[in-house]
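Colleague: I am new to this one. Could you show it to me and take a few questions?

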Amino acid sequence: MKLFDVYPLFPIEPVKAEGSWLWDKAGKKYLDLYGGHAVISIGHNHPHFVERLKDQLDKISFYSNSVKNSLQEQLAEKLGELSGYPDYELFLCNSGAEANENALKLASFVTGRKKVIAFTKAFHGRTSGAVAATDNPKIVAPFNANHEIEFLPFNDLKNAEEKITKEVSAVIIEGIQGVGGIHIPSNSFLELLSKKCQEAGALLILDEIQSGYGRTGKFFAHQYSLVKPDLITVAKGMGNGFPVGGVLINPNIKPWSGMLGTTFGGNYLACAAALSVLEVIESEKLMDNALLIGNHWMEQLKNHQSIKEVRGLGLMIGFDLPESLASLRKDLLFKHNIFTGEAKPNTVRLLPSLALSKPEADILLEALSVELKEVAHS
Ligand SMILES: Cc1ncc(COP(=O)(O)O)c(C=O)c1O
């Protein structure tokens with residue numbers, strides 16, 4: 001059997017990883033400033049992550065959600081404490097799309113309504129409702145297109161003021177738009193969305209799947225504003241590579257038996273991985289590090305005249321390049337052995353481990369000086 005060919009691949013096969021580094025079969029070393037799409041939060045193969053998972057494997061790795069699992073309770077407790085949402089409740093699932101799908105479903109159960117407001121350039125995943133709320137018609141199949149979704153212009157207060165009405169079930173927005181190219185919602189925009197949702201009886205869903213888990217220097221990106229969303233979705237950095245996702249749910253929303261469910265969500269291994277991530281974020285003060293290293297990068301990147309714009313917070317950074325520098329990301333990878341991410345049409349995205357050190361961050365700055373100087377002189 002062949003693989004279903006949906007991913008454009010780099011001709012590189014990592015076989016070993018540690019911290020912010022990857023090694024291929026030939027032993028060539030790469031600096032990972034992409035974290036496998038913002039997934040590696042505490043660093044590849046962090047010893048505490050490895051130890052917790054190995055230890056758990058020796059005990060029990062799976063049973064269904066029909067029995068008590070104290071690890072789930074420990075995870076909810078720790079996540080509540082670190083995120084500043086101790087009174088919220090946690091539903092555990094397996095991926096970002098599944099978290100958003102469940103959040104959209106919960107909002108619809110609570111309000112009895114169908115309509116969802118999302119925003120231009122949004123990405124929320126590939127399951128039915130999540131992909132319908134994603135602003136990319138190329139990945140929305142006719143089957144997914146029957147949801148009632150209205151896209152409003154991002155950061156446009158006037159439209160939000162008018163369109164969040166009593167027909168709306170949920171407003172869904174990313175803490176910082178990732179796939180769309182690192183766009184930050186203004187505090188006044190988030191605060192207006194929250195106010196309008198309260199007035200209309202709609203629920204506000206903050207998709208923190210890419211921007212959460214300490215990446216911006218706060219646990220959630222929206223915590224730079226005064227907003228307290230009804231639902232917050234998490235995944236990616238939550239498991240440092242182990243598939244796990246979740247929905248943080250305002251305690252005003254009351255569950256009933258069977259309302260949501262999943263076979264694998266909250267399994268022992270996922271909980272062990274997720275607990276190890278929170279323990280390391282706390283003990284190694286990774287949120288402070290994300291802010292420190294992110295600010296250093298932002299300051300230095302802004303000095304390059306050929307970079308058109310730099311956006312971001314902490315270690316979630318995007319910078320726009322002119323057309324003449326369209327090959328920069330490939331040059332960084334193949335000439336300097338540095339993985340970065342992209343957003344269309346010409347944005348480089350930096351989403352490294354939150355434990356990235358300053359000397360590691362400076363390797364990118366040195367490579368950029370070489371590449372951007374070459375362009376300036378050509
Ligand atoms: C903001 C955001 N939401 C949702 C998703 C979907 O997550 P997953 O791929 O785990 O389903 C992503 C993935 O890139 C994302 O960036």
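Colleague: Which residues surround the ligand most closely?

Modeller: First, a caution: this is a predicted model. The closest are Ser-95, Gly-96, Ala-97, Gly-125 and Ile-209, among 15 residues that surround the ligand. A residue counts here if its C-beta atom lies within 6 Å.

Colleague: Which helix gives the most to that shell?

Modeller: Helix H4, residues 96–111. Three residues of the shell come from H4.

Colleague: How does the shell divide into nonpolar, polar and charged residues?

Modeller: Five are nonpolar, eight polar and two charged. Gly counts as polar in this scheme.

Colleague: What makes up the largest nonpolar core?

Modeller: That core has 109 residues. Ala-170, Val-171, Ile-205, Leu-231 and Ala-274 have the most contacts inside it. Helix H8, residues 268–283, supplies the largest share, with 11 residues. Domain 1 (14–46 + 286–377) and domain 2 (47–283) each give the core at least three residues.

Colleague: Which residues is Val-171 in contact with, leaving aside its neighbours within four places in sequence?

Modeller: Ile-117, Ile-164, Leu-193, Cys-197, Ala-202, Leu-204 and Ile-205. Contact requires C-beta atoms within 7 Å, so each of these partners meets that cut-off with Val-171.

Colleague: Why does the radius of gyration agree with a compact globule?

Modeller: A compact globule of 378 residues would have a radius of gyration near 21 Å. The chain has 21 Å, so the two agree.

Colleague: What share of the chain counts as buried?

Modeller: 48% of the 378 residues. For each of those, 20 or more other C-beta atoms lie within 10 Å of its own.

Key:
Residues are numbered from 1 along each chain as its sequence is written. This is a predicted model: local features need pLDDT of at least 70, side-chain atom pairs count only at pLDDT 80 or more; totals for chains, interfaces and linings use all residues. Helices (H or I, at least four residues) and strands (E, at least two) are DSSP runs, numbered from the N terminus. A nonpolar core is a set of buried Ala, Val, Leu, Ile, Met, Phe, Trp, Tyr and Cys residues joined through C-beta atoms within 7 Å. A residue is buried if 20 or more other C-beta atoms lie within 10 Å of its own, exposed if 12 or fewer, and partly exposed in between; C-beta atoms are placed from the backbone. Domain bounds come from an automatic or database domain assignment. Two residues are in contact if their C-beta atoms, placed from the backbone, lie within 7 Å. The radius of gyration is taken over C-alpha atoms; the globule rule is 2.2 Å times the number of residues to the power 0.38.
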